[in-house]
Amino acid sequence: MVGPQRPQFVLFGSSIVQISYSNGGWGAILSEIYSRKADILLRGYYGWNSRRAVQVLDQVFPKDATVQPMLVIVYFGGNDSMGPHSSGLGPHVPLPEYIENMRKIATHLKGLSENIRIIFLSCPPVDEARVRENTSSYFSELVRTNELCRQYSEACIELCKEMNLKFVDLWTALQKREDWLTACFTDGIHLAEEGSKIVVEEILKVLKEAEWTPSLHWKSMPTEFSEDSPCDLVLADGKTTINSSEWTYHRQIQWD
């Protein structure tokens, strides 16, 4: 553990979380936005579904931990929504079980702290044609369709409304872009940089609009070691220093 202690934001989910630091991913973008404000912790697991997530809740989020996260962003559903395999094996989780698993995740997280905040990400769409093209013969009966994604996305959103949880409707958000099929994915499933930018924009929108005290929007959070110092850069007058703690000019996107 290094200090000073910052608020912890945890990203918990399947491959869209695990590889969110790759290809200009949304996890990496959030980490940069919240540098000197919060520590973004990654708990992503390639290929996982909500059933496996429930099995490790006590290990990933122990209730007796000295420090609890201030924010948890949860994504499960893409693997759950895959068509069932004839063997009974595989990542598919029936929709009613998926809903109950997500309910268990939310309930566990809420029990960690009175101050914890939670955002669920719903199941995004897929590029079905590219998924078919890229599916290796190494796998059998791998079925991903947008209709299944839609059903699991809507179920996640309805659960969030029922439990008063904040959410991002990724199913709708990605499809607002006309070229979403070609721009938003690396392989038809996982997010390319343009898809990740949409995820970040939607998360920041939720954080900005949420009536949480304290606010977890990046502009509202204190910056670590932001006091003026004679060690700061010296201006042209040769006498005055300028504090660079809040500079964001280096960003290609000036996030709201």
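## A salt bridge within helix α5

Let's begin with one pair: Arg103 and Glu100 join their side chains in a salt bridge, with 3.3 Å from N to O. This is a predicted model, so keep that in mind as you look around. Both residues belong to helix α5, which covers residues 95–110. They sit 3 residues apart, or about one turn of the helix.

How exposed are these two partners? Arg103 has a relative accessible area of 21%, which makes this residue partly exposed. Glu100 is partly exposed too, with a value of 36%. The cut-off helps here: a residue counts as buried under 20% and as exposed over 50%, so values in between are called partly exposed.

## Salt bridges around helix α10

Now move along to helix α10, residues 193–209. Here the side chains of Lys205 and Glu202 meet in a salt bridge of 3.4 Å, N to O. Lys205 and Glu202 are 3 residues apart in this helix, a separation of about one helical turn. Is Glu202 buried or exposed? Glu202 is buried, because its relative accessible area is 17% and the cut-off for buried is under 20%. Its partner Lys205, at 35%, is partly exposed.

Lys208 forms a salt bridge with Asp256, and the closest N and O atoms are 2.8 Å apart. This pair connects distant parts of the chain: Lys208 is in helix α10, while Asp256 is in the segment after β7 (241–242), 48 residues apart. Both ends are partly exposed, with relative accessible areas of 46% for Asp256 and 47% for Lys208.

## The wider set of salt bridges

How many salt bridges does the structure hold? There are 18. Some residues take part in a network: Arg177, Asp179, Glu194 and Lys197 are linked to one another through salt bridges.

## A parallel sheet

Next, find the strands. An open sheet is built from 5 strands in the order β2-β1-β3-β4-β5, and their pairing is parallel. Which strands stand at the edges? They are β2 (39–44) and β5 (166–168); each has a single partner strand, so one side of each has no neighbour in the sheet. From one strand to the next, the twist averages 20 degrees.

For a look at one pairing, try β3 and β4. Strand β3 (residues 71–75) runs parallel to strand β4 (residues 117–121), and 4 bridges join them. Within this pairing, Ile73 stands opposite Ile119 in β4. In general, the strands of a sheet pair through backbone hydrogen bonds, in either a parallel or an antiparallel way.

## Helices packed on the sheet

The two helices with the salt bridges described above also meet this sheet. Helix α5 packs on the sheet and touches β1 (8–13), β3 and β4, with its direction at about 160 degrees to that of β4. Helix α10 packs on the sheet as well, touching β3, β4 and β5; the direction of α10 makes about 160 degrees with that of β5.

## A closer look at Lys110

To finish, return to helix α5, where you will find Lys110. This lysine is partly exposed, with a relative accessible area of 38%. Which residues does Lys110 touch, not counting those up to four places away in sequence? They are Ile116, Ile118, Met163 and Leu165.

You can also compare the position of Lys110 with that of Leu30. These residues are 80 residues apart along the chain, and their C-alpha atoms are separated by 23 Å.

Note on methods:
Residues numbered from 1 in each chain as written. Predicted model: local features only at pLDDT ≥ 70, side-chain atom pairs only at ≥ 80, totals over all residues. Heavy atoms only, no water. Salt bridge = Lys/Arg side-chain N within 4 Å of Asp/Glu carboxyl O. Buried < 20%, exposed > 50% of the residue type's maximum accessible area, 1.4 Å probe, protein only. Pairing = 2+ DSSP bridges. Axes fitted to C-alpha atoms, helices over the stretch in contact; angles between N-to-C directions. Contact = heavy atoms within 4.5 Å.
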